[in-house]
Amino acid sequence: MTLKAYLASDALTGTATITAIGTEPAPHIRIDTTLFHPQGGGQRGDRGRIGPARVIDTRHAAEGEVDHFVESVEGLAVGDVIEIAVDPEHRREGARLHSAGHLLADAVQAIRPGLHAVAGHHWKGEARVEFEGAVAIDEAFEDDLAAKIVELVSAGLPVRVVGDPQASRALAIGDFTPVGCGGLHVSSTAELADLNVTAIRSKKGRLRVSYDLG
Ligand SMILES: [Zn+2]
């Protein structure tokens with residue numbers, strides 16, 4: 001099992017020992033402890049480097065393992081102790097998109113308490129949060145939401161991991177109720193000043209709020 005150090009640490013660099021090397025379905029490496037966030041919870045996997053190998057994706061694997069997909073495993077061997085480094089720009093983009101989804105969920109639930117977030121997808125270009133609840137979307141919804149987002153961003157609320165990182169990790173924005181989450185996050189809502197709601201749609205009893213950054 002891979003020690004999921006990323007759940008407790010935002011560090012981008014460290015050392016690890018290679019525990020397995022595979023080529024199916026694509027070249028990948030397992031290490032004893034990782035700072036790379038795998039794809040999941042609506043976010044993309046981290047990229048970066050493991051020794052000389054460029055990591056292009058990170059995925060959860062069976063039995064608590066984490067697969068780091070690389071361009072090539074050449075020159076690497078099980079037992080090697082290597083430097084690992086997460087790509088800071090890719091990480092930051094993922095963290096901002098993911099945190100923006102949480103902020104949006106809290107904002108919608110604050111202005112229309114009958115709605116609750118049920119799903120999120122935080123990929124660039126297709127980011128959205130979906131809500132369920134017996135609340136009809138009225139004409140004021142869009143303006144109310146925009147105003148609430150401005151309020152929460154301006155307040156510069158802290159975004160924190162709470163609970164036991166390995167067992168009950170949750171993300172909390174300011175005083176909002178923490179939400180179970182193993183994902184990436186920024187440290188303050190002030191980092192999300194360029195959050196835009198791009199579409200609000202009701203479909204099959206669900207409300208979908210799409211968004212982007214920048
Ligand atoms: Zn999350």
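Mentor: Before we look at any pairing, here's the rule: two strands pair if DSSP finds at least two bridges between them. Strands themselves are DSSP runs of E with at least two residues, helices are runs of H or I with at least four, and both are numbered from the N terminus. This is a predicted model, where local features need pLDDT of at least 70 and side-chain atom pairs need 80 or more, while totals for chains, interfaces and linings use all residues. Residues are numbered from 1 along each chain as its sequence is written, and side-chain values use heavy atoms, leaving out hydrogens and water.

Trainee: What makes strand 2 and strand 8 a pair?

Mentor: Five bridges join strand 2 (residues 13–22) to strand 8 (residues 81–86). The rule asks for at least two, so they pair. The two run antiparallel, and you can find Thr-13 standing opposite Ala-85 in strand 8.

Trainee: Which strands close into a barrel, and in what order?

Mentor: Six strands do, in the order 2-3-7-6-5-8, with antiparallel pairing. From one strand to the next, the twist averages 50 degrees. For that angle, axes are lines fitted to C-alpha atoms (for helices, over the stretch in contact), and angles run from 0 to 180 degrees between N-to-C directions. Across the protein, the secondary structure comes to two helices and 15 strands.

Trainee: Why is the contact between Arg-30 and Asp-67 called a salt bridge?

Mentor: The term needs a side-chain nitrogen of Lys or Arg within 4 Å of a carboxyl oxygen of Asp or Glu. Arg-30 and Asp-67 come in at 2.6 Å, N to O, so the pair qualifies. Arg-30 sits in strand 3 (residues 28–31) and Asp-67 in strand 7 (residues 66–70), so the bridge ties together parts 37 residues apart in sequence. The same rule gives 14 salt bridges in total.

Trainee: How do you know whether Arg-30 and Asp-67 are buried or exposed?

Mentor: Buried means under 20% relative accessible area, exposed means over 50%, and partly exposed is in between (1.4 Å probe, protein chains only). Arg-30 has 22%, so call it partly exposed. Asp-67 has 9%, so that one is buried.

Trainee: What is the closest N to O distance between Arg-208 and Glu-130?

Mentor: It's 3.0 Å, and the two form a salt bridge. Arg-208 in strand 15 (residues 206–213) and Glu-130 in strand 10 (residues 128–132) are 78 residues apart, linking distant parts of the chain. Arg-208, at 30%, is partly exposed, while Glu-130, at 12%, is buried.

Trainee: And where do Glu-151 and Lys-148 lie?

Mentor: Both are in helix 2 (residues 141–154), three residues apart, about one turn of the helix. Their side chains meet in a salt bridge at 3.3 Å, N to O. Glu-151 has 44% relative accessible area and is partly exposed; Lys-148 has 18%, so it lands on the buried side of the cut-off.

Trainee: What makes His-185 count as buried?

Mentor: Its relative accessibility is 15%, so it meets the cut-off for buried. His-185 lies in the loop between strand 13 (179–180) and strand 14 (195–203). Contact means heavy atoms within 4.5 Å. Leaving aside neighbours within four places in sequence, His-185 touches residues including Asp-10, Ser-99, Arg-169 and Leu-171.

Trainee: How do you know that both faces of strand 12 are covered?

Mentor: In strand 12 (residues 170–173), Ala-170 and Ala-172 on one side and Leu-171 and Ile-173 on the other are all buried. Strand 12 pairs with strand 11 (residues 159–162) in the antiparallel sense over four bridges, with Leu-171 as the partner of Val-161. Two bridges join strand 12 to strand 13, also antiparallel, and there Leu-171 stands opposite Val-179. Strands 12 and 13 form a hairpin with five residues between them, and Gly-174 in the turn has a positive phi of about 50 degrees.

Trainee: Why does the radius of gyration of the protein agree with a compact globule?

Mentor: The radius is taken over C-alpha atoms, and the globule rule is 2.2 Å times the number of residues to the power 0.38. For 214 residues that puts a compact globule near 17 Å; the protein has 19 Å, which agrees. The C-alpha atoms fill a box of roughly 60 × 30 × 30 Å along the principal axes, and buried residues make up 44% of the 214.
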